[in-house]
Amino acid sequence: MSGDTNMLHCDRSYAMERGYQDRVVYGMLVASLYSTLVGVYLPGELCLLNKVDVSFRKPVYPGDELTVSGEVVSVHQVLRVATIKAKIVNQDSVKVSNATIQVSVREN
């Protein structure tokens, strides 16, 4: 999908030989959940994603169940820009990623 053919993403044996539990999910695929968060839920359809500062904390593996959440930490009313602190956790409540997201919110 991304064109990233790194063996850590494509070859289970290769990844496991290097200490991972399985193939590692492509990080930007995981980070795409931040776009879903702001474009669908917080603030939703009137949102335009401007910037994402993302960190990858732990590997994600095929079959992991991920949950993304966020909190609006600032809003500039005049510019209609919001800053959101967000994170993604796996099924064991382990934080696999965190991000600071800046969005513009259009008027109806």
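This section describes the fold, the strand pairing, the salt bridges and the backbone exceptions of one protein chain in a predicted model.

The protein chain has three helices and four strands. Read from the N terminus, the order of these elements is α-α-α-β-β-β-β. Along the principal axes, the C-alpha atoms occupy a box of roughly 55 × 30 × 20 Å. The chain contains 108 residues, of which 26% are buried. Its accessible surface amounts to about 7,100 Å², and carbon and sulfur atoms account for 48% of that area. When contacts between residues at least 6 apart in sequence are considered, 54% of them connect residues at least 24 apart. The chain carries 11 positive and 11 negative charges, and the mean positions of these two sets are separated by 6 Å.

Strand pairing was examined next. Strand S2, which covers residues 67-76, pairs with strand S3, residues 81-89, in the antiparallel sense. Nine bridges connect S2 and S3. Within this pairing, Val75 has Ala82 of S3 as its bridge partner. S2 and S3 form a hairpin with four residues between the strands, and Arg80 in this hairpin takes a positive phi near 60 degrees. Strand S3 also pairs with strand S4, residues 95-105. This second pairing is antiparallel and is made by nine bridges. S3 and S4 likewise form a hairpin, here with five residues between the strands. The turn of the S3 and S4 hairpin includes Ser93, whose phi is positive, at about 65 degrees.

Ala86 gives a local view of the pairing between S3 and S4. This residue is located in strand S3, and its bridge partner in S4 is Ala99. Ala86 and Ala99 lie 13 residues apart in sequence, while their C-alpha atoms are 5.2 Å apart in space. With a relative accessible area of 7%, Ala86 falls under the 20% limit and is therefore classed as buried. When neighbours within four places in sequence are set aside, the contacts of Ala86 are Tyr34, Leu37, Ser69, Gly70, Asn98, Ala99 and Ile101. Helix H3 spans residues 27-41, and Tyr34 and Leu37 in that range are among the residues that Ala86 contacts. Ser69 and Gly70, also in contact with Ala86, fall within the residue range of S2. Asn98, Ala99 and Ile101 are further contacts of Ala86, and their positions fall within the range of S4.

Three salt bridges are present in the structure. In one of them, Arg12 is joined to Asp22, with 3.2 Å between the closest N and O atoms. Arg12 belongs to helix H2 (residues 12-17), whereas Asp22 is in the loop between H2 and helix H3, so the salt bridge ties together parts that are ten residues apart in sequence. Arg12 is partly exposed, at 44% relative accessibility. Asp22 has a relative accessibility of 15% and counts as buried. Asp22 also forms a salt bridge with Arg23, for which the closest N and O atoms are 3.9 Å apart. The relative accessibility of Arg23 is 33%, and this residue is partly exposed. Through shared partners, the salt bridges join Arg12, Asp22 and Arg23 into one network. Another salt bridge links Arg18 to Glu17, with the closest N and O atoms at 3.4 Å. Glu17 is exposed, with a relative accessible area of 63%, whereas Arg18 is partly exposed at 44%.

The remaining features concern the backbone. Most residues other than glycine have a negative phi, and most peptide bonds are trans. Exceptions of both kinds are found in this chain. The peptide bond from Leu42 to Pro43 is cis, and its omega is near 10 degrees. Pro43 is in the loop between H3 and strand S1, the latter covering residues 47-56. Arg80, which is not a glycine, has a positive phi of about 60 degrees. Arg80 is placed in the loop between S2 and S3 and is partly exposed, with 32% relative accessibility. Ser93, also a residue other than glycine, has a positive phi near 65 degrees. Ser93 is located in the loop between S3 and S4. The relative accessible area of Ser93 is 62%, and the residue is exposed.

Definitions and conventions
Residues numbered from 1 in each chain as written. Predicted model: local features only at pLDDT ≥ 70, side-chain atom pairs only at ≥ 80, totals over all residues. Heavy atoms only, no water. Helix = DSSP H or I, 4+ residues; strand = E, 2+ residues; numbered from the N terminus. Buried < 20%, exposed > 50% of the residue type's maximum accessible area, 1.4 Å probe, protein only. Contact = heavy atoms within 4.5 Å. Areas by Shrake-Rupley, 256 points an atom, 1.4 Å probe, with all protein chains shown as cover. Lys, Arg positive; Asp, Glu negative; His and termini not counted. Charge placed at Lys NZ, Arg CZ, Asp CG, Glu CD. Salt bridge = Lys/Arg side-chain N within 4 Å of Asp/Glu carboxyl O. Pairing = 2+ DSSP bridges.
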